[in-house]
Amino acid sequence: MKKRESWEFLKDLYVRFGNDDLLSTGAEVAFYLLLSLFPFLVFLIALISYAPMIDIQDSIQILAPLMPASAYEILQGIVNQTIADRSGTLLSFGMLLALWSSASGITSLVRGINRAYDQEETRRY
């Protein structure tokens, strides 16, 4: 009896997996949330450049043993350039792009959950 119930469960899981388009939804959510990571890092570095009490060079040196030498040099150059420029435009652009891409990721996550639970969206936003 248990064997039959587990077989029915697996069959139902397979059907729902296909009907709810789980792979596409997962890829969409992962794409947008990964896309929001880099603008957030740009925003964070630009924001830190306005806080003189934080020494970013010491914080970056923690990453040196974890990264290849060439990647560390590239990262250090980008951070030094960002701190030297102190661009308000970069700060605003990073914040807006991070908000847009993370909001798109959350929206696609909500759509996927609604699809998985067979719910219609009732919110206006």
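1. Contact is taken here to mean heavy atoms within 4.5 Å. In this predicted model, and leaving aside residues up to four places away in sequence, Ser 108 touches Thr 25, Glu 28, Val 29 and Tyr 32. Ser 108 itself belongs to helix α5, and with a relative accessible area of 1% it is buried, because the cut-off for that class is under 20%.

2. Seen from the other side of this contact, Thr 25 is a residue of helix α2, and it touches Asp 20, Ser 108, Gly 112 and Arg 115, again not counting residues up to four places away in sequence. At 10% relative accessibility, Thr 25 also counts as buried.

3. As for confidence, the chain averages a pLDDT of 85, and 97% of the residues score at least 70. Among the elements of the chain, the highest mean pLDDT, 88, belongs to helix α5 (residues 88–116), whereas helix α3 (residues 56–61) has the lowest, 79.

4. The length of α2 can be checked against its residue count: at 1.5 Å a residue, taken over one less than the number of residues, its 27 residues should span 39 Å. The end C-alpha atoms of α2 are in fact 39 Å apart in the model, which agrees with that expectation.

5. Which residues of α2 are buried? They are Thr 25, Val 29, Ser 36, Pro 39, Phe 43, Ile 45, Ala 46 and Ile 48. The cover over these buried residues includes α3, α4 (69–85) and α5, and the contacts of Ser 108 with Thr 25 and Val 29 are among those that link α5 to α2.

6. A colleague may also wish to look at the nonpolar patch on the surface, which is formed by Leu 34, Leu 37, Phe 38, Phe 40, Leu 41, Leu 44 and Leu 47 and has about 620 Å² of accessible area together. Phe 38, one of these residues, lies in helix α2 (residues 22–48). Is Phe 38 buried or exposed? With a relative accessible area of 54%, Phe 38 is exposed, because the cut-off for that class is over 50%.

7. A last point concerns Ala 51, which is placed in the loop between α2 and α3. At 18% relative accessibility, Ala 51 counts as buried, because the limit is under 20%. The C-alpha atom of Ala 51 is separated by 63 Å from that of Arg 4, and the two residues are 47 residues apart along the chain.

Notes. Residues numbered from 1 in each chain as written. Predicted model: local features only at pLDDT ≥ 70, side-chain atom pairs only at ≥ 80, totals over all residues. Heavy atoms only, no water. pLDDT = per-residue confidence, 0-100. Helix = DSSP H or I, 4+ residues; strand = E, 2+ residues; numbered from the N terminus. Patch = residues over 30% accessible without salt bridge, like charges linked within 9 Å, V, L, I, M, F, W, Y side chains within 5 Å. Areas by Shrake-Rupley, 256 points an atom, 1.4 Å probe, with all protein chains shown as cover. Salt bridge = Lys/Arg side-chain N within 4 Å of Asp/Glu carboxyl O. Buried < 20%, exposed > 50% of the residue type's maximum accessible area, 1.4 Å probe, protein only.
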